[in-house]
Amino acid sequence: MSTPALATPRANHNGVLTCPRPQPGPAVRLVCFAHSGGNPRMYQNWVDKLAPEIELWWVTLPGRGQRWREHHADRWEPLIDDITAALVAHVPWPMALFGHSLGGLIAFDVARRLTEEQAPPNYLFVSARAHPRREFALDLPEDDIDLLRLVDTVYAGVPAQILESPELAKHFAPTLRADLALGADYRYRPGRLTTPITALGGVDDPTTPAEELDAWRDCTTAATQWRQFPGGHFYLEQSEAGVLRTIRRNLLRSTGKE
């Protein structure tokens, strides 16, 4: 299937999408989204491990990476519009989406927008994210160190060197704060995709118990499955091999290349 012929995108897409290593004739492109405060280069190790059948792309949000001069996104719907338009303009189909934590929620809403435009993705992976109807809005403290300590208490993923350094905290906290506020701007709209979904999580992550991963079945008319791996909210590094096997198996099966 070729890239859908949708309306001309309205946004300037410089820096939004990165394909670190194009593959010759891949079976599918996998577009990845990072967690709150995260850098999409977290997926760099996946590039060669999924190649050549799966070509990896990632999305960079405003205020980081190549887009560091831009203001952080503060409204949900315009961000989803711009990402969707960039995907349509630049990523050939078939295409799948993978998002971790906040990235899972973004990937889900982008999948909905693509479906509304009659261009659903082939597959959706949501990682470390409960059903989208469940809110995770935190009461954010004004002090940067207090913010980082709160997030570390809930998600256990802030490096100790950042917590112990006011200079590093000052650098890292604004992006994290902006992403958490962005997530609070999200409003769940009932409705179903036509795309298969696999929900992934860590067995020690209290934000994604098995029942929340299983609840993603309400979000699509297609097949769903869920799986937990060793680790907490940031289980991806610890359980990378198992996660990549799951991704490869499902993507190649969905495109008939297994």
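Author: Helices and strands here are runs assigned by DSSP, with at least four residues for a helix and at least two for a strand, and they are numbered from the N terminus. The model we are reading is a predicted one.

Reader: With that in hand, where is Pro52 found, and which residue does a cis peptide bond join to Pro52?

Author: Most peptide bonds are trans, and most residues other than glycine have a negative phi. Pro52 sits in the loop that runs between helix 1 (46-50) and strand 3 (54-59), and a cis peptide bond with omega of about 0° joins Ala51 to Pro52. The bond from Trp93 to Pro94 is also cis, with omega near 0°, and Pro94 belongs to the loop between helix 2 (76-90) and strand 4.

Reader: And what is the phi of Gln118, and is Gln118 buried or exposed?

Author: Although Gln118 is not a glycine, its phi is positive, at about 65°; Gln118 lies in the loop between helix 3 and strand 5, where its relative accessible area of 66% makes it exposed. Ala128 likewise has a positive phi, near 55°, but Ala128, in the loop between strand 5 and helix 4 (144-155), is buried, with a relative accessible area of 3%.

Reader: How should I read the sheet, and in what order do its strands stand?

Author: The open sheet is formed by seven strands in the order 1-3-2-4-5-6-7, and their pairing is mixed. Strand 1 (17-18) and strand 7 each have a single partner strand, so they stand at the edges, with one side of each left without a neighbour in the sheet. Strand 7 pairs with strand 6 (residues 197-202) in the parallel sense over six bridges, and Thr198 stands opposite Gln225 of strand 7.

Reader: Which strands does helix 3 lie across?

Author: Helix 3 lies across strand 2 (28-33), strand 4 (95-100) and strand 5 (123-127), and it runs at about 150° to strand 4.

Reader: How do I read a pair of aromatic rings, and why is the pair of Phe108 and Trp216 edge-to-face?

Author: A pair of aromatic rings is described by the distance of the centres and the angle of the planes. The structure has eight aromatic pairs. In the pair of Phe108 and Trp216 the centres are 5.4 Å apart and the planes stand at 80°, so the pair is edge-to-face, since planes over 60 degrees apart count as such. This pair links distant parts of the chain, because Phe108 is in helix 3 while Trp216 is in the loop between helix 7 (210-214) and strand 7 (224-229), 108 residues apart. Both Phe108 and Trp216 are buried.

Reader: How many disulfides does the structure hold?

Author: A disulfide is a covalent bond between the sulfur atoms of two cysteines. The structure holds zero disulfides. For Cys32, the nearest cysteine sulfur is that of Cys19, 11 Å away, and Cys32 counts as buried at 0% relative accessibility. The sulfur of Cys219 is 20 Å from the closest cysteine sulfur, that of Cys32, which is too far for a bond.

Reader: Finally, which side chain does a polar contact join to that of Arg29?

Author: Arg29, in strand 2, is buried with a relative accessible area of 14%, and a polar contact of 3.2 Å joins its side chain to that of Glu55. Thr246, in helix 8 (residues 240-254), is buried as well, at 1%, and its side chain is joined to that of Arg227 by a polar contact of 3.0 Å.

How values were computed. Residues numbered from 1 in each chain as written. Predicted model: local features only at pLDDT ≥ 70, side-chain atom pairs only at ≥ 80, totals over all residues. Heavy atoms only, no water. Phe/Tyr/Trp six-rings, centres within 6.5 Å; stacked < 30°, edge-to-face > 60°. Buried < 20%, exposed > 50% of the residue type's maximum accessible area, 1.4 Å probe, protein only. Pairing = 2+ DSSP bridges. Contact = heavy atoms within 4.5 Å. Axes fitted to C-alpha atoms, helices over the stretch in contact; angles between N-to-C directions. Disulfide = S-S within 2.5 Å. Polar contact = N/O pair within 3.5 Å; in protein donor to acceptor, adjacent residues only side chain to side chain.
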